[in-house]
Amino acid sequence: MEKERVMLQIMNNRLILVGVIESKNLRMPKRIFDAIIDTGSVNSYLSQKDVERFQISVQSKNSEGEVDFGGSRFVQAKIPDVELSFFKGESKELRAIKIPFRALKTTKSSERKKIIASELPSILGMDFLSNSKYSLHVVLTENIAYLQYEG
Amino acid sequence: MVDDDAVSMLLSAQSDMKWFGANFTKFKKEFNNKFIAFRNKQVIDSDSNLDSLMIKLRKSNINTADVFIEFLSNVKAIL
């Protein structure tokens with residue numbers, strides 16, 4: 001049987017997964033979402049831009065220390081699991097996966113550094129690939145990238 | 001169970017992101033160092049400051065969660 005493939009979009013040599021996210025605990029209904037697949041990141045992060053876009057309240061009591069990302073330093077805070085849905089294969093069937101995102105909030109106070117921090121995208125890191133049992137396949141010469149279900 | 005809402009949102013989101021990708025080079029020239037908000041294959045607004053863009057969108061009664069917001073720059077960022 002052919003394995004399920006989730007096609008990724010390649011933009012500017014970055015791998016983008018387009019999905020819909022929602023969180024009952026955050027009282028966030030379904031929202032359109034895009035994130036970069038980043039094998040250089042151990043964890044998955046909701047960018048400051050998306051935290052603001054979805055108006056998620058980042059509580060300092062849930063802080064898990066600081067993290068350097070994209071040349072900027074952020075406070076990372078655990079948020080309740082968010083469910084990410086995307087199409088599996090060519091069908092219009094959805095796969096929904098709970099993602100233990102951390103939310104990012106810049107520690108910088110200067111306007112210029114705050115702007116730089118807000119430019120960074122959301123990231124699906126190695127935890128996403130291992131928890132969801134997907135392997136990552138990229139053939140840039142053919143402009144093809146996909147996740148393949150190995151579960 | 002088929003979630004029709006999520007399916008239609010996802011179809012529209014994928015189509016928007018493909019459109020954005022197809023116009024990426026043009027937009028990078030036009031909106032260098034700016035955030036742009038887009039949906040339904042249309043640029044809704046842009047600003048060099050994310051907070052200002054959010055304020056403009058909310059003033060226009062646009063839910064910021066219902067649009068894509070991307071930053072465009074000729075300077076490459078390393079994650």
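Colleague: In this predicted model, which residue in S2(B) stands opposite B:Ile36?

Modeller: Opposite B:Ile36 in S2(B) stands B:Ser46, and on S3(B) the residue facing B:Ile36 is B:Glu70. Because the model is predicted, local features are given only at pLDDT of at least 70 and side-chain atom pairs only at 80 or more, while totals for chains, interfaces and linings use all residues. Residues are numbered from 1 along each chain as its sequence is written, and chains are lettered from A and ligands numbered from 1 in the order in which they are written.

Colleague: How do you know that strand S1 and strand S2 of chain B pair?

Modeller: Two strands pair if DSSP finds at least two bridges between them, and residues 34-39 and 42-47 of chain B, which are S1 and S2, are joined in the antiparallel sense over 5 bridges. S1(B) and S3(B) meet the criterion as well, being antiparallel over 5 bridges. The strands themselves are DSSP runs of E with at least two residues, and helices are runs of H or I with at least four, both numbered from the N terminus. In the hairpin of S1(B) and S2(B), which has 2 residues between the strands, B:Asn40 takes a positive phi near 50°.

Colleague: What makes the sheet of chain B open?

Modeller: Its 3 strands follow the order S2-S1-S3 with antiparallel pairing. S2 and S3 (68-72) of chain B stand at the edges, each with a single partner strand, so one side of each has no neighbour in the sheet. Neighbouring strands are turned by 30° against each other on average, direction ignored.

Colleague: Which helix packs on this sheet with its direction at about 15° to that of S3(B)?

Modeller: That is helix H1 (residues 4-22) of chain B, which touches S1 and S3 of chain B. Helix H3 (residues 50-59) of chain B packs on the sheet too, touching S1, S2 and S3 of chain B, with its direction at about 130° to that of S2(B). Such angles run from 0 to 180 degrees between N-to-C directions, the axes being lines fitted to C-alpha atoms, for helices over the stretch in contact.

Colleague: Why is A:Glu22 called partly exposed?

Modeller: A:Glu22 has 18 other C-beta atoms within 10 Å; a residue is buried at 20 or more such atoms and exposed at 12 or fewer, with C-beta atoms placed from the backbone, so this count falls in between. A:Glu22 lies in strand S3 of chain A. Leaving aside neighbours within four places in sequence, A:Glu22 is in contact (C-beta atoms, placed from the backbone, within 7 Å) with A:Met28, A:Pro29, A:Lys30, A:Arg31 and A:Glu83. A:Val82 is 60 residues away in sequence, yet its C-alpha lies 5.9 Å from that of A:Glu22.

Colleague: How many residues of each chain take part in the contact between A and B?

Modeller: Chain A gives 26 residues and chain B gives 23 residues. Among the elements that each supply at least two residues of the chain A side are strand S3 (14-23) and helix H2 (111-118). The chain A side divides into 10 nonpolar, 7 polar and 9 charged residues.

Colleague: What makes chain A as compact as a globular protein of its length?

Modeller: Chain A has 3 helices and 13 strands. Its radius of gyration is 16 Å, close to the 15 Å that the globule rule gives for 151 residues, so the description holds; the radius is taken over C-alpha atoms, and the rule is 2.2 Å times the number of residues to the power 0.38. Of the 151 residues of chain A, 35% count as buried.

How values were computed. Two residues are in contact if their C-beta atoms, placed from the backbone, lie within 7 Å. Ala, Val, Leu, Ile, Met, Phe, Trp, Tyr, Cys and Pro count as nonpolar, Asp, Glu, Lys and Arg as charged, and the others, Gly among them, as polar.
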